[in-house]
Amino acid sequence: MTERIDTEQVLAPLLARARRLAAERGAPVLVSWSERVAAEDPIDVFAQAATASDRCLWLQPDADFALVGVGAAHVIEPTGPERFAAADAAWRALLDGALIVGDGPGPTVIGGFAFDPERPSTPRWCGFPDARLILPRQTLTLQGGECWRRVNVVVGDRHPSPPTPLPTLGEGSIEHDGMPSTQSAPDSPSPNVGRGGQGVRAVPRFLTAVAQAAAAVRRGDLEKVVLAREVRVEAEEPFDVEAALRRLRDAYPSCYVFAVARGERVFLGATPERLVRLDGRTVRVASLAGSIPRGATPEEDRELAAALLASAKDRAEHAVVVRAIRTALDGPCVEVETPDEPEILSVRNVHHLYTPVTARLRDGATLMDLVARLHPTPAVGGTPRAEALRYIREHEGLDRGWYAAPVGWMDASGQGEFAVALRSALVEGAEASLFAGCGIMGDSDPEREYAESSVKLRPMLAALGIEGAETE
Ligand SMILES: C=C(O[C@@H]1C=C(C(=O)O)C=C[C@H]1O)C(=O)O
């Protein structure tokens with residue numbers, strides 16, 4: 001049933017009650033209300049809210065699911081290695097005593113984490129700290145043709161409660177903190193012509209780094225390590241982020257298409273890799289490691305997929321990830337199940353080895369516990385984890401920021417989903433940094449890994465309209 005929130009009858013008393021409660025408790029009180037609305041295109045809504053200080057987008061086109069968050073009613077931003085547990089605690093504290101009305105999905109935080117809180121950090125990732133979960137001022141949820149708008153206000157928080165009724169999501173006037181918003185949306189379909197910047201100079205360094213990492217694996221310093229490279233591109237005009245998101249949605253419908261925008265800076269991508277989903281007590285995790293490009297013809301494509309399944313190097317690399325996921329789930333979960341053999345998961349330009357892992361969450365354990373234990377899996381970090389992270393910090397030579405880290409959402413019941421932020425880029429105006437990495441084993445061939453990383457960069461290069469630039 002559609003529940004219409006009557007501003008005078010429902011909202012004013014609710015806000016008054018929240019103010020009294022907040023004063024009594026000496027703590028902020030969340031007021032959250034929702035209503036069913038006509039479905040809108042989530043990317044349109046994201047685009048129209050360009051003046052908001054915070055915007056988030058999460059799309060699973062094939063699952064017919066989308067979340068758009070605009071503005072920030074509350075920000076959860078813990079730092080350091082305990083950031084997952086701290087984020088969990090902060091979210092529960094905010095929900096304690098919350099006044100939640102309306103039907104459809106409840107209040108939901110959306111956001112992400114940095115790959116490594118001990119990383120060498122650069123100003124480039126300013127605004128994307130160790131952790132940042134946003135309770136949007138307004139959230140639009142689309143699921144199977146239905147659409148709900150939820151509005152969140154935290155009374156007694158550092159953000160003053162907004163005047164009611166609020167403008168609709170997409171009008172872009174909900175929250176504007178003075179950050180200049182220059183996201184331009186040029187109508188011209190002609191792509192921004194990119195010039196490969198540091199990416200070109202970084203080629204020899206990546207090859208050397210892979211050779212050295214493979215030697216470290218052969219020496220037994222590590223079992224596996226993932227090395228990434230960054231390609232910086234500068235265009236003549238600001239990148240059209242919304243057009244990029246539309247291209248990603250069209251080309252990668254089976255992937256998670258995401259965007260987290262802070263003012264002018266937008267981190268976006270289309271990742272095939274689920275980190276973890278919690279649905280009731282059912283846990284779903286994916287092992288995705290071992291890659292080969294798609295073929296030009298159906299026959300070549302089948303041959304390449306078969307070659308990947310038969311590749312000892314890729315199977316070993318993949319098995320390391322499955323083992324680590326099983327170990328991470330052992331404890332917070334029971335009934336951890338995996339098929340014996342990996343299968344092929346194919347996205348537009350690349351085949352991966354894929355093993356789905358399912359489990360049941362034990363009482364008392366949470367989604368954030370799982371994220372904390374799983375991240376980084378050896379698909380994006382390495383194993384042993386501590387040694388791999390140290391190796392990456394010392395040898396990779398870049399600030400991964402939020403690349404290869406968890407990005408996703410969590411609702412008021414603690415359910416939600418986080419993906420691994422791969423095939424992604426950080427865009428600011430006419431500058432973009434794209435990231436891609438590869439799992440390095442003792443027998444890794446630097447040239448082959450370089451080619452693989454180029455294939456993984458292609459989705460974002462194409463989405464940003466810089467196909468053909470650099471990287472081959
Ligand atoms: C690190 C990336 O991808 C990861 C590494 C893979 C591999 O080494 O085969 C495959 C999928 C991802 O888990 C990336 O896309 O940047």
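Where is the place of P376? Select P376 and you land in the loop between α8 (367-374) and β19 (382-383). The element names come from DSSP runs numbered from the N terminus, helices being H or I runs of at least four residues and strands E runs of at least two.

Before you click on, some ground rules. You are looking at a predicted model, where local features need pLDDT of at least 70 and side-chain atom pairs count only at pLDDT 80 or more, while totals for chains, interfaces and linings use all residues. Residues are numbered from 1 along each chain as its sequence is written, and side-chain values use heavy atoms, with hydrogens and water left out.

**Stop one: two prolines.** Stay at P376 and add H375: a cis peptide bond joins them, with omega about -10 degrees. Next, pick T383 and P384, where you'll find a cis peptide bond, omega again about -10 degrees. P384 sits in the loop between β19 and α9 (385-395).

**Stop two: positive phi.** Most residues other than glycine have a negative phi, and most peptide bonds are trans. Now select E335 in strand β16 (residues 333-337); its phi is positive, near 55 degrees. Then try A404, in the loop between α9 and β20 (406-411), with a positive phi of about 65 degrees.

**Stop three: the ligand.** Show everything around the ligand and you get 17 residues (each with a heavy atom within 4 Å of it), the closest being E273, L288, S291, Y403 and R423. By type, this shell has seven nonpolar, five polar and five charged residues. Here Ala, Val, Leu, Ile, Met, Phe, Trp, Tyr, Cys and Pro count as nonpolar, Asp, Glu, Lys and Arg as charged, and the others, Gly among them, as polar.

Try some distances from oxygen atoms of the ligand. An N or O atom in the S291 side chain is 2.5 Å from one, and one in the R423 side chain is 2.7 Å away. At G290, a polar backbone atom lies 2.8 Å from a ligand oxygen. The protein covers 100% of the 390 Å² of accessible area that the ligand has on its own (Shrake-Rupley method, 1.4 Å probe). To see which elements give two or more residues to the shell, color β15 (282-293), β23 (431-440) and α10 (446-463).

**Last stop: a salt bridge.** The structure holds 34 of these, each a side-chain nitrogen of Lys or Arg within 4 Å of a carboxyl oxygen of Asp or Glu. Select D41 and R246: their closest N and O atoms are 3.7 Å apart. This pair links distant parts of the chain, 205 residues apart, with D41 in the loop between β1 (29-36) and α2 (42-48) and R246 in helix α5 (residues 241-251).

Technical notes:
A polar contact is a pair of N or O atoms within 3.5 Å; within protein, one must be able to donate a hydrogen and the other to accept it, and residues adjacent in sequence count only if both atoms are side-chain atoms.
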